[in-house]
Amino acid sequence: MQVLSRRRKNNPVVIGVVAHPTTETEGGSDTGPPKFVTGSEYIAASYIKWLEQAGARVIGVPFSATPEETESLFKQMNGVLFPGGATELGERCRRPAAPRA
């Protein structure tokens, strides 16, 4: 077990987290959840914290990255987390790089 823990300290696993596109157009309020401008992107901090607690380094993968940028980022990673949830992805969110991922 010591060999495994030494490897983890010296060469941490690198995991990419794909950003979500946003669709809200209004500003946030003090009492409600934050809202984002359409066209921006976000990654929930809970995903990053969860992976870091497991010993991984985290790289954000912009949803709007070109296929070349995405491929370059993927070459630096050991794995990718595709967050899910109640986000509805419309026609504008389809991209040619998605099938390659």
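**Chat about a three-stranded parallel sheet and its core**

Student: Start with contacts. In this chain, what share of those with a separation of 6 or more comes from residues 24 or more positions apart?

Tutor: In this predicted model, 62% of the contacts with a separation of 6 or more are between residues 24 or more positions apart.

Student: What is the mean pLDDT of the chain?

Tutor: The mean is 75, and 56% of the residues reach 70 or more. Over residues 96-101 the pLDDT is below 50, and that stretch has 5 contacts in the model beyond near neighbours in sequence.

Student: How many helices and strands are there, and in which order do the elements run?

Tutor: The chain has 3 helices and 5 strands. Read from the N terminus, the elements go α-β-β-β-α-β-α-β.

Student: Which strands make up the open sheet, and in what order?

Tutor: The open sheet has 3 strands in the order E4-E1-E5, and the pairing is parallel. E4 and E5 are at the edges with a single partner strand each, so each has one side without a neighbour in the sheet. From one strand to the next, the twist averages 30 degrees.

Student: How many bridges join E1 to E4?

Tutor: E1 is joined to E4, residues 57-61, by 5 bridges. One of the pairs to look at is Val 14, whose bridge partner in E4 is Arg 57.

Student: And how many between E1 and E5?

Tutor: E1 and E5, residues 79-81, pair over 3 bridges, again in the parallel sense. Gly 16 has Val 80 as its bridge partner in E5.

Student: Is E1 buried or exposed?

Tutor: Buried: 5 of the 5 residues in E1, residues 14-18, are buried, so the strand is largely enclosed by the rest of the structure.

Student: Which E1 residues are on which side?

Tutor: Val 14, Gly 16 and Val 18 are on one side, Ile 15 and Val 17 are on the other, and both faces are covered. In a regular strand the side chains alternate between the two faces of the sheet.

Student: Which residues make up the largest nonpolar core?

Tutor: That core has 7 residues: Val 14, Val 18, Ile 59, Val 61, Phe 63, Leu 73 and Met 77. At least two of them come from E1, and at least two from E4.

Student: Take Ile 59. What does it touch, leaving out residues up to four places away in sequence?

Tutor: Ile 59 touches Val 14, Ile 15, Gly 16 and Val 17, along with Leu 73, Gln 76 and Met 77.

Student: What about Val 58, where is that found?

Tutor: Val 58 is in strand E4. With a relative accessible area of 24%, Val 58 is partly exposed, since buried means under 20%.

Student: Which residues is Val 58 in contact with, leaving aside neighbours within four places in sequence?

Tutor: Val 58 is in contact with Ile 15 and Val 17, and also with Ile 48, Leu 51 and Glu 52. Between Val 58 and Gly 16 the C-alpha to C-alpha distance is 5.7 Å, although 42 residues separate them in sequence.

Student: Change of topic. Where is Pro 83, and is it buried or exposed?

Tutor: Pro 83 is in the segment after E5. Pro 83 is buried, and its relative accessible area is 15%.

Student: What is Pro 83 in contact with, leaving aside neighbours within four places in sequence?

Tutor: Pro 83 is in contact with Val 17, Val 18, His 20 and Tyr 47. Pro 83 and Val 18 are 65 residues apart in sequence, but 6.9 Å apart in space, C-alpha to C-alpha.

Student: And where does Asn 11 lie?

Tutor: Asn 11 lies in the loop between helix H1, residues 2-10, and E1. At 48% relative accessible area, Asn 11 is partly exposed. Ala 56 is 45 residues away from Asn 11 in sequence and 9.5 Å away in space, C-alpha to C-alpha.

Student: Last one: what percentage of the chain is buried, and what area does the chain expose?

Tutor: Buried residues make up 21% of the 101 residues. The chain exposes about 7500 Å², and carbon and sulfur atoms supply 53% of that.

How values were computed. Residues are numbered from 1 along each chain as its sequence is written. This is a predicted model: local features need pLDDT of at least 70, side-chain atom pairs count only at pLDDT 80 or more; totals for chains, interfaces and linings use all residues. Side-chain values use heavy atoms; hydrogens and water are left out. Buried means under 20% relative accessible area, exposed over 50%, partly exposed in between (1.4 Å probe, protein chains only). Helices (H or I, at least four residues) and strands (E, at least two) are DSSP runs, numbered from the N terminus. Two strands pair if DSSP finds at least two bridges between them. Axes are lines fitted to C-alpha atoms, for helices over the stretch in contact, and angles run from 0 to 180 degrees between N-to-C directions. A nonpolar core is a set of buried Ala, Val, Leu, Ile, Met, Phe, Trp, Tyr and Cys residues joined through side-chain atoms within 4.5 Å. Contact means heavy atoms within 4.5 Å. pLDDT is the predictor's confidence in each residue, from 0 to 100. Accessible areas come from the Shrake-Rupley method with a 1.4 Å probe; for residues, only the protein chains shown count as cover.
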